[in-house]
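Here are my notes on this model, point by point. Please read them with the structure open.

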Amino acid sequence: MLKLTICPTCGSGRVRRVRGTVSGKVRGRRYRAEGVSFYACPDCSERIYDREAMGAIAAARAGRRGDPGPRTKGDAAVSR
Ligand SMILES: [Zn+2]
């Protein structure tokens, strides 16, 4: 796992590993990856994703889940 203590963008030593939801848009399509661990810099709001996080994001982009479109009944209980 990537270990980071200094922000590659601004040089801040305050980067922290956080866990959260990464969402964005790719070619007009929205994606959302939940429970992704990544590094975040509070100074320049840079986000650094390691290989694991990139995999999760790539999976979300591929549309494996997290589609904010029509919701199916009973789907809301799924949290993993
Ligand atoms: Zn920074």
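1. A definition comes ahead of the hairpin: two strands pair if DSSP finds at least two bridges between them. Please also keep in mind that this is a predicted model.

2. Start with the hairpin of β1 and β2. There are 2 residues between the strands, and Arg27 takes a positive phi near 50° in this hairpin. Arg27 is not a glycine, yet its phi is positive. The residue sits in the loop between β1 and β2. Arg27 counts as exposed because it has 5 C-beta neighbours inside 10 Å, and the cut-off for exposed is 12 or fewer.

3. The two strands of that hairpin run antiparallel and share 10 bridges. One pair to check is Lys25, whose bridge partner in β2 is Arg30.

4. Now the sheet as a whole. It is open, with 3 strands in the order β1-β2-β3 and antiparallel pairing. β1 (16-26) and β3 (47-48) are the edge strands; each has a single partner strand, so one side of each lacks a neighbour in the sheet.

5. The β2 to β3 pairing is also worth a look. Strand β2 covers residues 29-40 and pairs with β3 in the antiparallel sense, over 2 bridges. Ala40 stands opposite Arg47 of β3.

6. Helix α1 spans residues 51-61 and packs on the sheet. Its contacts include β1 and β2, and its direction makes about 170° with that of β2.

7. Which residues of α1 are buried? They are Ala53, Ile57 and Ala60. Seen down the axis of α1, the buried residues fall within an arc of 60°, so they line one face of the helix. The general rule is that an α-helix has 3.6 residues a turn, so residues three or four places apart point the same way. Among the elements covering the buried residues of α1 are β1 and β2. Arg51 and Ala58 are exposed, on the face of α1 turned away from its buried side.

8. β1 itself is hardly covered. Among its 11 residues, the count of buried residues is 0.

9. Two further backbone points. Ser45 lies in the loop between β2 and β3. Its phi is near 55°, a positive value in a residue other than glycine. Ser45 is exposed, with 10 other C-beta atoms within 10 Å. Just after α1, Gly63 takes a positive phi of about 85°.

Conventions
Residues are numbered from 1 along each chain as its sequence is written. This is a predicted model: local features need pLDDT of at least 70, side-chain atom pairs count only at pLDDT 80 or more; totals for chains, interfaces and linings use all residues. Helices (H or I, at least four residues) and strands (E, at least two) are DSSP runs, numbered from the N terminus. Two residues are in contact if their C-beta atoms, placed from the backbone, lie within 7 Å. Axes are lines fitted to C-alpha atoms, for helices over the stretch in contact, and angles run from 0 to 180 degrees between N-to-C directions. A residue is buried if 20 or more other C-beta atoms lie within 10 Å of its own, exposed if 12 or fewer, and partly exposed in between; C-beta atoms are placed from the backbone. The arc is that of the directions from the helix axis to the C-beta atoms.
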